[in-house]
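Happy to walk through this one with you. Have a look at the model first, and then we can talk it over.

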Amino acid sequence: MTDDEADLAEAVDRFLEGADAAFDQYDQGYADADATVSVLRRHADDLRDALED
């Protein structure tokens with residue numbers, strides 16, 4: 001695996017962990033739908049940034 005592939009895999013892992021945490025917060029009633037979407041958008045933006053680097 002190249003360094004770029006490893007960096008991308010790490011970025012995907014961070015995205016999935018963050019998305020799972022956001023969904024868990026929503027499922028447990030700690031966050032509403034708008035807050036959850038906002039968190040998911042931030043994680044998606046971070047993933048896009050990692051892809052562009």
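Here are some questions and answers about the fold, its helices and its surface.

Q: Before we start, what kind of model is this, and how are residues numbered?
A: Residues are numbered from 1 along each chain as its sequence is written, and side-chain values use heavy atoms, with hydrogens and water left out. Local features need pLDDT of at least 70, side-chain atom pairs count only at pLDDT 80 or more, totals for chains, interfaces and linings use all residues, and the model is a predicted one.

Q: How many helices and strands are in the chain?
A: Helices (H or I, at least four residues) and strands (E, at least two) are DSSP runs, numbered from the N terminus. On that basis the chain has 0 strands and 2 helices.

Q: Is the chain compact or spread out, and what is its radius of gyration?
A: The globule rule, 2.2 Å times the number of residues to the power 0.38, gives 10 Å for 53 residues. The C-alpha trace spans about 40 × 15 × 5 Å along its principal axes. The chain is more spread out than a compact globule, because its radius of gyration, taken over C-alpha atoms, is well over that value, at 13 Å.

Q: What span does α1 reach from its first C-alpha to its last?
A: Helix α1 covers residues 3-27 and has 25 residues. The expected span is 1.5 Å times one less than the number of residues, which for α1 gives 36 Å. The model comes close to that, reaching 36 Å.

Q: Which residues of α1 are buried, and which helix is included in what covers them?
A: Buried means under 20% relative accessible area, exposed over 50%, and partly exposed in between (1.4 Å probe, protein chains only). In α1 the buried residues are Ala 11, Gly 18, Ala 19 and Ala 22. Their cover, counted by contact (heavy atoms within 4.5 Å), includes α2.

Q: Is Thr 36 buried or exposed, and which residues does it touch?
A: Thr 36 lies in helix α2. Its relative accessibility is 6%, so Thr 36 counts as buried. Leaving aside residues up to four places away in sequence, Thr 36 touches Ala 22, Tyr 26 and Ala 31.

Q: Which side chains meet Glu 10 and Arg 48 in salt bridges?
A: A salt bridge is a side-chain nitrogen of Lys or Arg within 4 Å of a carboxyl oxygen of Asp or Glu, and a search of the whole structure finds 2. An α-helix has 3.6 residues a turn, so residues three or four places apart point the same way. Glu 10 and its partner are 4 residues apart in α1, while Arg 48 and its partner are 3 residues apart in α2 (residues 33-52). Glu 10 meets Arg 14 (2.9 Å, N to O), and Arg 48 meets Asp 45 (3.2 Å, N to O).

Q: Which residues form the nonpolar patch on the surface, and what is their accessible area together?
A: Patches are made of residues with over 30% relative accessible area and no salt bridge, where like charges are joined within 9 Å and nonpolar side chains (Val, Leu, Ile, Met, Phe, Trp, Tyr) within 5 Å. Helix α1 gives the most, with 3 residues, and Leu 16 of that helix is partly exposed at 43% relative accessibility. Areas come from the Shrake-Rupley method with a 1.4 Å probe, and for residues only the protein chains shown count as cover. The patch is Leu 8, Val 12, Leu 16 and Leu 51, with an area together of about 320 Å².
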